[in-house]
Amino acid sequence: MNVTAMHLRKVLHYNAQLRAGLLRLNSNRDLGSTWSCRHRFYSSRNTSDVAGETSGVDSAQVSVDLPLQARVVICGGGVTGTSVAYHLAERGWNDVVLLEQGLRLACGTTWHAAGLVSILKADVAMSKLVRYSRSLYKQFEAEGKSEGSGVGWKTCGSLDLARTKDRMIELKRKKDKAIALDEECHMLLPKDIKNQCPWIKYDDLQGGMWRPHDGVVSPNELTETFARKAKEKGVKIFTGVQVKKVLNEENKVSQVETSCGPIKCEYFINCAGQWARELGKKSEPKVRVPLHSCEHFYLVTQPIENMDQMLPVIRDFDGNIYLREWSGGILAGGFEPPSHGGKPVFYNGIPDKFEFQLLHEDWDHFQILLEEILFRMPILKDVQIRQLVNGPESFTPDKFCIIGESAEVQNYFVAAGMHSNGITNAGGVGKYLTEWIIDGMPSLDLWSSDIQRFVPYHNNRKFLRDRAKETIGFYHLTYPQEQWQSGRSLRTSPIHTQLKVAGASFGETNAYERATWFNPTSADEYVDVTKQMRGTFGKPAWFECVRDEYWACKERVALIDMSSFTKLEIKSQGPEALNFLQYVCSNNINEEEGTVIHTGMHNSRGGFENDCSIVPLQDNTFFMIAPTNQQTKCLAWLNKHMPKDGSVQVRDVTSMYSGLNVIGPHAEQLLSDVSDKPIDQVKFKPMTCKVIDVGYVSNVYAMRVTHAGEDGFVLYIPSEYALHVYEVLMKAGKDYGIRNAGYYSLRHLRIEKLFAYWGQDLTSHVTPFEAGREFRVDFTKNFIGKEALLKQRDEGISKKFAQFLLEDFNLENEVCWPYGNEPIFRNGKYVGMTTSSGYGFTLDKFVCLGYVHHMNENGEPKVTKHINEYIMDRNAKYEISIAGKKYLAKVGIYTPRMAYKSFQKPIFIPTPQKI
Amino acid sequence: MFKSLPINVNSRILTSSRELVRGHRNLVKVVRQTPNIRPFSGQVKGLHRAAQRPGNWSFNFNERSVTDSVDYPRLSPQQVTSIIQLHEATFEINGGAVSRVETNKLASNTPIEDRHAQAKLATARNQYLFGIYDGHAGCACSQALSERLFHYIALSMLPPYMLEQVKNGDVDPHSDLIHRYTCWDDYVNEELTDTFTKSLLKLAIESLAAYSDDSGIEDHLRSAFLCLDQDISMDALPGSTCRTSLESVVPLAFAGSCALVAFVDETDLYIANVGDSQAVLGVCTEQDQWEAVELSTLHSFGNKAEEERIMKQHPNESPDNLLAHGRLLGDLAPLRAFGDVRFKWSKKDLKHIINTGYSSLVSIYGNNLIPRHFKTPPYLTAEPEIIKHHLSPKDKFLILASDGLWEFLEPHEVVKLVAGHMKGREVLLNNFELPKVDPGGKQITLGSINELLLKRKLKLALRPQDNNAATHILRNALGPGHGKLSQLLSIPKISSRNYRDDITVTIVYFDTEYIKNTSFA
């Protein structure tokens with residue numbers, strides 16, 4: 001037996017002891033004996049005591065001397081908290097105090113984690129984050145070897161299995177993402193799978209994927225290592241200390257009150273795992289951390305003969321299960337599919353002293369997973385059970401974890417809701433959260449996990465319980481644009497019912513139900529068409545419907561409900577609001593009343609924090625329209641930079657106004673039929689806003705903008721009048737061929753015209769120069785991010801937004817369509833990922849948008865002033881890989897003129913002429 | 001359906017409530033078709049009959065008939081559950097062949113006229129008695145049966161030396177003979193306790209005198225039934241010795257009741273039946289195959305043997321008069337019953353009652369206290385029909401229920417419901433505990449765990465809403481849909497009896513293991 005194996009054995013033995021010991025504790029309800037038992041158990045170990053500040057304690061009552069002051073206070077001594085502490089210390093911030101309410105580190109939910117580390121996640125940024133985690137754990141293991149204390153890392157690889165053709169497509173799309181990560185992975189045929197792992201039943205499989213560099217780690221050793229290394233650098237760790245309150249001054253964290261006295265601090269980091277939501281409530285205003293605990297099950301078997309110590313981690317997604325080697329046996333668990341549903345727990349709060357505790361086993365609930373486990377690895381049928389582990393884990397409403405600075409309190413950071421990926425994420429979360437704290441933003445675009453993606457409703461307890469039941473099933477195959485089934489229909493626009501009757505299929509963004517497309521055939525029945533649709537990676541069921549809507553927008557007139565857009569009102573007594581907006585926006589806001597100004601808001605690196613439209617109104621008031629998903633973020637951003645004297649007021653008026661997009665060449669004529677003001681191009685210029693009457697409704701803000709590059713108007717109507725306006729327009733528009741259109745048609749219109757949308761194409765890591773938006777930047781004034789943008793203007797950029805027209809894409813036959821996140825190749829070399837895509841009905845081509853990176857031989861970004869030439873180089877051949885199949889693509893940094901083809905007046909009506 | 005229908009009540013109201021309720025959606029319609037039900041004049045406290053003031057409720061229904069009372073339930077699901085669970089009771093017995101008893105009743109009359117009782121004989125091992133008493137013309141008779149019948153049975157089975165002890169006062173026949181399993185709503189009619197005790201002592205003396213070694217259990221049961229009926233009758237007769245409590249005794253004798261008693265003696269089961277309650281045995285013939293074995297015959301119109309028996313006993317009377325409208329002398333539905341001395345006494349005695357002026361009785365029956373065509377009494381008997389059945393391991397449970405249930409459900413349906421409930425209940429009660437070893441005695445493997453779980457899963461799907469099988473049956477009889485349940489439970493008290501009778505259900509579960517061992521031993 002070599003040294004590694006010896007070590008491994010030791011670790012596993014320790015884990016076995018830990019689990020066995022703790023189970024005994026679990027059944028023992030008497031707290032006193034629990035503690036002494038645990039203490040005895042721990043003192044029998046000879047590893048050095050991690051929590052130095054409390055070593056030698058043998059009573060439950062701990063008195064500790066907390067420092068009166070620290071720069072950063074971290075709450076939560078699990079793997080996430082200790083990782084953040086470690087990374088802060090690594091960056092030289094060692095005035096850090098970590099508080100753990102339990103009497104030991106990792107006693108919450110870390111200790112019962114399965115310890116799987118696999119880097120391919122739903123989006124590329126998270127995958128990069130995990131890639132860092134993995135390399136860090138490997139590094140710890142290597143260092144540990146010399147010091148005699150590793151983290152139990154084992155590079156056993158990951159084996160993903162596919163039972164269906166659709167799952168194979170998903171694996172292939174994953175492999176495409178792996179290109180961006182430069183990760184080695186291989187597609188396998190069923191017979192290769194047998195070679196890789198002979199115990200697997202393989203004859204029903206379509207194939208699989210093998211990633212040799214993934215592995216497993218021991219959660220407890222990892223937490224201890226983080227803690228030890230953090231302590232070595234000066235971080236102070238206290239256990240048995242509870243956070244009672246987080247105070248702030250001028251909306252900035254100022255002090256943490258604990259069960260052992262107060263600590264003054266500048267930063268507070270909530271790493272409290274499943275306790276994070278409750279902890280969030282302990283500040284004023286409350287910080288919303290939307291997560292819910294669910295029971296999570298895995299079983300551990302007795303040792304099996306001829307067990308392969310290096311058995312890969314097997315994920316049979318279609319069976320919703322995973323398997324790994326554990327202490328000579330198998331550890332196998334899974335995530336209940338939505339049809340079965342998870343088991344939310346602690347709805348009414350987590351019990352006190354929930355330390356090193358498990359929940360009651362529920363074999364009936366676990367049976368569907370057990371069935372799949374035995375199906376996939378039949379030899380297990382004859383194996384005996386060691387234990388069924390039921391430990392709670394926290395789950396979020398959208399499968400992504402929750403990290404970043406809270407919108408409610410500045411310098412209050414959160415890293416929680418790991419969705420049972422705590423161990424995998426810990427390293428990366430520590431690193432990037434540290435960047436977030438120290439540098440103001442992380443070097444990766446983590447919007448998908450940003451805590452500011454949520455709106456207040458997400459924190460509703462009932463909602464979280466119901467949604468967690470569904471999101472726990474994260475092995476379940478999710479098709480593009482698939483919607484959640486639970487927790488729906490909360491925010492709806494006033495014309496929701498009308499749209500539903502008209503056959504609308506709804507998609508939810510920030511809890512807002514938006515009509516995505518209309519199925520005219522279901523118009524007379526009140527049915528939800530989404531439920532009738534079978535998911536697919538290929539041609540979607542809505543395609544023909546969206547095409548018809550598209551042409552209505554392009555040739556006639558259509559109505560699109562835009563009520564979900566974030567709407568803000570910014571005002572002041574004097575010019576303060578204007579000055580403030582001039583400072584946070586890159587475009588010139590000092591325009592005439594009634595001008596619609598498209599502008600970005602940027603961070604200090606010039607990246608888009610927001611992309612919005614602002615209209616100056618009377619009396620120093622400004623109306624701002626921002627993307628739906630910006631509701632929390634843009635408000636937080638404005639609040640953060642607002643003058644502290646209270647001279648500027650920002651108000652969220654999203655719910656007060658409904659938005660209706662009257663789009664198409666007939667829109668002008670239609671609106672003048674029902675309005676009191678002349679609507680022609682001369683009197684009502686594009687990019688302006690007027691207050692008009694529509695039908696009987698006065699004071700409608702009409703903006704001659706459609707967000708899709710077509711002529712038309714978005715009407716912002718006080719919500720109670722919206723239904724009237726909708727009905728007036730539908731009636732008056734009958735002879736113009738008016739119809740309803742959904743968001744998909746809007747998207748197809750804008751993608752064809754290379755319009756970038758925030759959240760998909762524009763992120764906090766993209767600047768106006770890179771997005772081709774420099775024409776909206778006014779360098780004559782001072783604004784946030786100006787320096788960085790000036791630097792780019794002088795030195796150039798290393799990536800640029802471009803449009804790709806797929807040359808040989810057959811709409812009918814392709815099994816997988818592009819949906820964004822596909823790798824782009826330039827002369828066979830990977831240069832970036834697509835961000836969004838749609839069919840260009842006018843161009844009659846599939847259109848993908850994405851960033852082309854200019855990189856040197858080592859893959860590092862190369863700044864150049866001639867990026868346009870680089871992209872448009874005649875000799876450059878572009879390809880886009882969709883589920884492993886490469887398609888030739890024609891690149892452009894401007895959209896072909898043809899895309900605007902029908903942007904013209906309807907055919908002139910001839911009048912009789914004198915002969 | 002009505003056992004003792006006063007003559008002046010229009011007898012064409014609803015002939016079969018089973019038909020009616022089956023077509024529950026027509027309920028409102030039916031009511032509309034019978035708007036002129038004549039009000040019933042007799043109103044005696046404690047002797048409520050159906051349809052006292054039908055005018056009121058039919059008006060209410062018409063008013064609400066715009067809305068469907070099934071689609072717009074008046075009661076919430078919680079209310080429905082609390083109503084049907086009100087009288088439920090479960091007794092874990094686990095002695096001899098009986099493992100558990102579940103019982104429940106649901107009132108339609110106010111107060112309810114059904115009674116049930118269950119007891120263990122104190123004088124022998126593993127002997128149990130379960131009784132259902134469906135009273136009519138008030139609850140006085142059924143209440144008396146529930147208090148006395150088991151004692152009579154117990155006493156009649158005593159060996160001579162025990163009878164001697166009773167006679168000498170060494171054994172109190174009241175408290176020492178049986179152990180009752182009581183529900184929260186059981187009560188005792190204190191007024192008659194003395195009369196009852198005296199009767200018991202008298203019976204002990206008589207039994208001792210007439211003791212014979214030849215008589216079997218059937219004989220004991222028969223004599224207990226007949227003796228009790230006789231005592232009820234005698235106590236009320238003119239010239240009776242117990243004058244003190246005459247005001248209670250006479251109405252008791254004029255009320256009536258059916259009785260269905262199951263006697264479990266080790267693995268022998270005796271069903272003694274008087275009237276139209278029914279006993280059904282649930283037999284599991286194969287895995288998941290169930291059979292309903294009826295262990296009693298209905299003593300009512302339609303039972304040819306019974307009809308013939310009555311004709312034979314009164315050879316000179318016209319069959320049309322004897323069984324007019326399917327009722328005894330056109331009046332009483334069950335053809336055997338306790339009490340109902342109107343059909344047992346001589347004309348002279350009845351006239352005496354009228355003349356001495358029992359205002360309460362006269363106000364109920366008026367001139368019809370003596371039934372029409374009353375020529376050669378007695379017409380009615382309380383002699384039980386007794387069926388003996390030897391329990392086999394396949395016999396899983398026995399259902400005893402009053403006719404109120406059988407109007408809604410067929411025996412095989414009820415057996416199916418209980419069988420389904422048994423399955424569901426197995427998982428309802430126990431969380432899955434991981435067995436250490438598999439059935440073969442080996443350390444349990446994951447494969448066997450999975451098989452166990454799969455079996456449980458099938459049962460989980462059947463998991464009933466009610467823990468108590470009797471409640472489960474009630475729910476399914478009246479519903480199971482909430483709308484229908486709510487409708488049948490929210491009918492005004494005065495008209496409720498037109499749609500459903502009082503329902504009493506007792507389910508006796510047998511211990512298969514015990515029966516198996518006893519049979520083979």
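Which strands of chain A does helix α16 (residues 631-641) lie across, and at about what angle to β24(A) does it run? In this predicted model, helix α16 of chain A lies across β24, β25, β26, β27 and β28 of chain A, and its direction makes an angle of about 20° with β24(A). The sheet beneath this description deserves attention before the contact between the chains is considered.

The sheet of chain A is open and consists of five strands, arranged in the order β25-β26-β27-β24-β28, with antiparallel pairing. Its edges are formed by β25 (597-602) and β28 (648-652) of chain A, each of which pairs on one side only. From one strand to the next, the twist averages 30°. In general, the strands of a sheet pair through backbone hydrogen bonds, in either a parallel or an antiparallel manner.

One pairing within this sheet may be followed in detail. Strand β24 (residues 566-572) of chain A runs antiparallel to strand β27 (residues 621-626) of chain A, and six bridges join the two. At the level of single residues, Ile570(A) has Phe622(A), in β27(A), as its bridge partner.

A second helix also lies across these strands. Helix α15 (residues 576-584) of chain A lies across β24, β25, β26 (608-616), β27 and β28 of chain A. Helix α15 runs at about 130° to β24(A), whereas the corresponding angle for helix α16 of chain A is about 20°.

The description now turns to the interface between the two chains. Here 16 residues of chain A are in contact with 15 residues of chain B. Between chain A and chain B an area of about 1400 Å² is buried, and carbon and sulfur atoms give 62% of it. Of the area that chain A buries against chain B, Trp363(A), Asp364(A) and Gln367(A) supply 40%, more than any other three residues.

Asp364(A) also takes part in a salt bridge with Arg456(B), in which the closest N and O atoms are 2.4 Å apart. The rule finds one salt bridge across the interface of chain A and chain B. Seven residue pairs in polar contact are found across this interface as well.

Which elements of chain A each supply at least two residues of the side that touches chain B? They are β13 (292-301) and α9 (363-376) of chain A. The largest share of that side, seven residues, comes from α9(A). By class, the side of chain A that touches chain B comprises eight nonpolar, three polar and five charged residues.

Note on methods. Residues numbered from 1 in each chain as written. Chains lettered and ligands numbered in written order. Predicted model: local features only at pLDDT ≥ 70, side-chain atom pairs only at ≥ 80, totals over all residues. Heavy atoms only, no water. Pairing = 2+ DSSP bridges. Helix = DSSP H or I, 4+ residues; strand = E, 2+ residues; numbered from the N terminus. Axes fitted to C-alpha atoms, helices over the stretch in contact; angles between N-to-C directions. Contact = heavy atoms within 4.5 Å. Buried area = accessible area lost by both parts, 1.4 Å probe. Salt bridge = Lys/Arg side-chain N within 4 Å of Asp/Glu carboxyl O. Polar contact = N/O pair within 3.5 Å; in protein donor to acceptor, adjacent residues only side chain to side chain. Nonpolar A, V, L, I, M, F, W, Y, C, P; charged D, E, K, R; others polar.
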